[in-house]
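Here are two short exercises to work through with the viewer open. Try each one before you read the solution.

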Amino acid sequence: MSGVDSVYLNKLSHLMGDLRFSDVQQMYICSCNFKNVSGITLQNIGKLVFFANNYTNGCLDFSGVQNLDISNSNMLRNPNIVFNKSAQSIKISYVIGMVGELDFSHVDTLNISHTDLTSISKIKLNPDGQILMDAQSFN
């Protein structure tokens with residue numbers, strides 16, 4: 001799907017294959033089950049709200065998202081999440097299961113709260129950006 005103002009996916013459970021979206025101003029992906037999705041690629045997305053999604057398999061490629069809000073999501077089955085290291089803003093809250101390294105080296109505003117980072121081996125942060133992180137996530 002490409003070149004639309006907004007996309008709203010809500011409570012979908014039978015999605016399959018590789019999902020690709022580009023040139024979308026606003027996206028809302030809420031309460032979806034991605035058990036049979038091999039990957040999600042988002043290119044040139046202005047704003048994405050990724051809320052209460054489960055069983056994401058394959059690659060979650062958020063590298064083309066300028067303003068990202070991920071909350072209440074289970075990433076336990078997804079070892080490969082790519083963030084836009086030059087995003088305007090990234091907010092991650094109430095997320096479990098992220099692993100590996102996170103690169104936020106040029107993100108203007110980063111907000112991480114109530115998120116399990118125990119399986120994250122390295123986080124790159126923007127020393128000139130605004131970083132908000134609660135003690136629970138940081139520990």
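A polar contact here is a pair of N or O atoms within 3.5 Å, where one must be able to donate a hydrogen and the other to accept it. Keep in mind that this is a predicted model.

**Exercise 1.** Work out where Asn84 sits and which backbone atom of Ser86 its side chain pairs with.

Solution, step by step:

1. Start with the location: Asn84 belongs to the loop that links strand 6 (80-83) to strand 7 (89-96).
2. Check the accessibility. Asn84 has a relative accessible area of 9%, and the cut-off for buried is under 20%, so Asn84 is buried.
3. Look for polar partners. The backbone nitrogen of Ser86 is 2.8 Å from a polar atom of the Asn84 side chain. That side chain also gets to the backbone oxygen of Val65, at 3.2 Å.
4. List the other company. Skipping neighbours within four places in sequence, Asn84 touches Phe62, Ser63, Val65, Gln66, Ile90 and Val107.

**Exercise 2.** Decide how many disulfides the model has, and explain why Cys32 isn't bonded to Cys30.

Solution, step by step:

1. Set the rule: two cysteine sulfur atoms have to be within 2.5 Å.
2. Apply it, and you get zero disulfides. Cys30 is in none, as its nearest cysteine sulfur, in Cys32, is 7.2 Å off.
3. Now go from the other side: the closest cysteine sulfur to that of Cys32 is the one in Cys30, and 7.2 Å is too far for a bond.
4. Finish with accessibility: Cys30 is buried at 10% relative accessible area, and Cys32 is buried too, at 2%.

Terms used: Residues are numbered from 1 along each chain as its sequence is written. This is a predicted model: local features need pLDDT of at least 70, side-chain atom pairs count only at pLDDT 80 or more; totals for chains, interfaces and linings use all residues. Side-chain values use heavy atoms; hydrogens and water are left out. Helices (H or I, at least four residues) and strands (E, at least two) are DSSP runs, numbered from the N terminus. Buried means under 20% relative accessible area, exposed over 50%, partly exposed in between (1.4 Å probe, protein chains only). Contact means heavy atoms within 4.5 Å.
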